[in-house]
Amino acid sequence: MSDITIRAARPADAEALKHLLDRSWRTHWGPHLDGAALERYEAEQPVAGYVDGYIGAFQVAQRGGVVVGMFHLDGAWLHAIHVDSWAIGTGVGRALMDAAEALGARRLEVRAFNSRARAFYLARGWLEAGEHPGSEMGVLVRTIVMERA
């Protein structure tokens, strides 16, 4: 039996989610962007607005009373899925994706530079269905559209 619980996010989770998403962004996106994008991220703090605006749509992964991951699903569209940087490789991503897929996740986007995430989705049977230019804090990035078969 897994020690990971997936549940609806609560208002009391907001600060933990903000810290988790900030660490995730700094770990996965920050290293691939230029100094201007990093400065813009610091100035705008987009994580706070995202959590405040959408927390009611989030599901969280909790282990031992600690929020260790989250996803944001809207119909078939998986807008976000994040595992806290220190919890990667511990089954949290698998538990989150199992839950998201059970709830109907069939489409997502991933930055092309995020090869670890792309490999994770491909191993789960997702397919790269296309790509388009995207933007991350003002920097043009290649974005891959993935669909669940």
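**Close-up views of a predicted model**

**View 1. Tyrosine 121 is a buried residue of this predicted model.** Its relative accessibility is 8%. Buried means under 20%, so tyrosine 121 counts as buried. The residue belongs to helix α5. Which residues does tyrosine 121 contact, leaving aside its neighbours within four places in sequence? They are Ile81, Met97, Leu108, Val110, Trp126 and Met146. One of these contacts, methionine 97, lies 24 residues away along the chain. The C-alpha atoms of tyrosine 121 and methionine 97 are 8.9 Å apart.

**View 2. Helix α4 is mostly covered.** Of its 11 residues, eight are buried. Among them are Val92, Gly93, Ala95 and Leu96. Met97, Ala99, Ala100 and Glu101 are buried too. Glycine 104 comes just after the helix. This glycine takes a positive phi of about 110°.

**View 3. Histidine 28 sits in helix α1.** Is histidine 28 buried or exposed? Histidine 28 is buried, because its relative accessible area is 18% and the cut-off for buried is under 20%. Leaving aside neighbours within four places in sequence, histidine 28 touches three residues by contact: Ile88, Phe113 and Asn114.

**View 4. Seven strands form an open sheet.** Their order is β1-β2-β3-β4-β5-β7-β6. The pairing is mixed. Strands β1 (4–8) and β6 stand at the edges. Each has a single partner strand, so one side of each is left without a neighbour in the sheet. Neighbouring strands are turned by 30° against each other on average, direction ignored. Helix α1 packs on this sheet. The helix touches β2 (58–63), β3 (66–74), β4 and β6. The direction of α1 makes about 80° with that of β3.

**View 5. Strand β7 pairs with both β5 and β6.** β7 spans residues 139–148. With β5, the pairing is antiparallel over five bridges. Here arginine 111 stands opposite threonine 143 of β7. With β6 (residues 126–136), the pairing is again antiparallel, over 10 bridges. Leucine 127 stands opposite glutamate 147 in β7. Glycine 130 stands opposite valine 145 in β7.

**View 6. β6 and β7 form a hairpin.** How many residues lie between the two strands? There are two. Methionine 137 is in the turn. This methionine has a positive phi of about 50°.

**View 7. The largest pocket holds about 1,100 Å³ of space.** Its lining has 34 residues. Which of them lie nearest the centre? They are Ser24, Trp29, Ala80, Ile81 and His82. Several elements give two or more residues to the lining. The helices are α1 (14–28), α3 (46–54), α4 (92–102) and α5 (115–123). The strands are β4 (77–83) and β5 (107–111). Strand β4 gives the largest share, seven residues.

**View 8. The lining of the largest pocket combines nonpolar, polar and charged residues.** The nonpolar residues number 20. Nine residues are polar and five are charged. Ile81, one of the residues nearest the centre of the pocket, is also in contact with tyrosine 121. Helix α5, where tyrosine 121 has its place, is among the elements giving two or more residues to the lining.

Notes
Residues numbered from 1 in each chain as written. Predicted model: local features only at pLDDT ≥ 70, side-chain atom pairs only at ≥ 80, totals over all residues. Heavy atoms only, no water. 1 Å grid on protein atoms, 1.4 Å probe; cavity = no way out; pocket = protein on both sides within 12 Å on 5 of 7 lines; lining within 4 Å. Points joined across faces, edges and corners; volume = space filled by probe spheres on them. Helix = DSSP H or I, 4+ residues; strand = E, 2+ residues; numbered from the N terminus. Nonpolar A, V, L, I, M, F, W, Y, C, P; charged D, E, K, R; others polar. Buried < 20%, exposed > 50% of the residue type's maximum accessible area, 1.4 Å probe, protein only. Contact = heavy atoms within 4.5 Å. Pairing = 2+ DSSP bridges. Axes fitted to C-alpha atoms, helices over the stretch in contact; angles between N-to-C directions.
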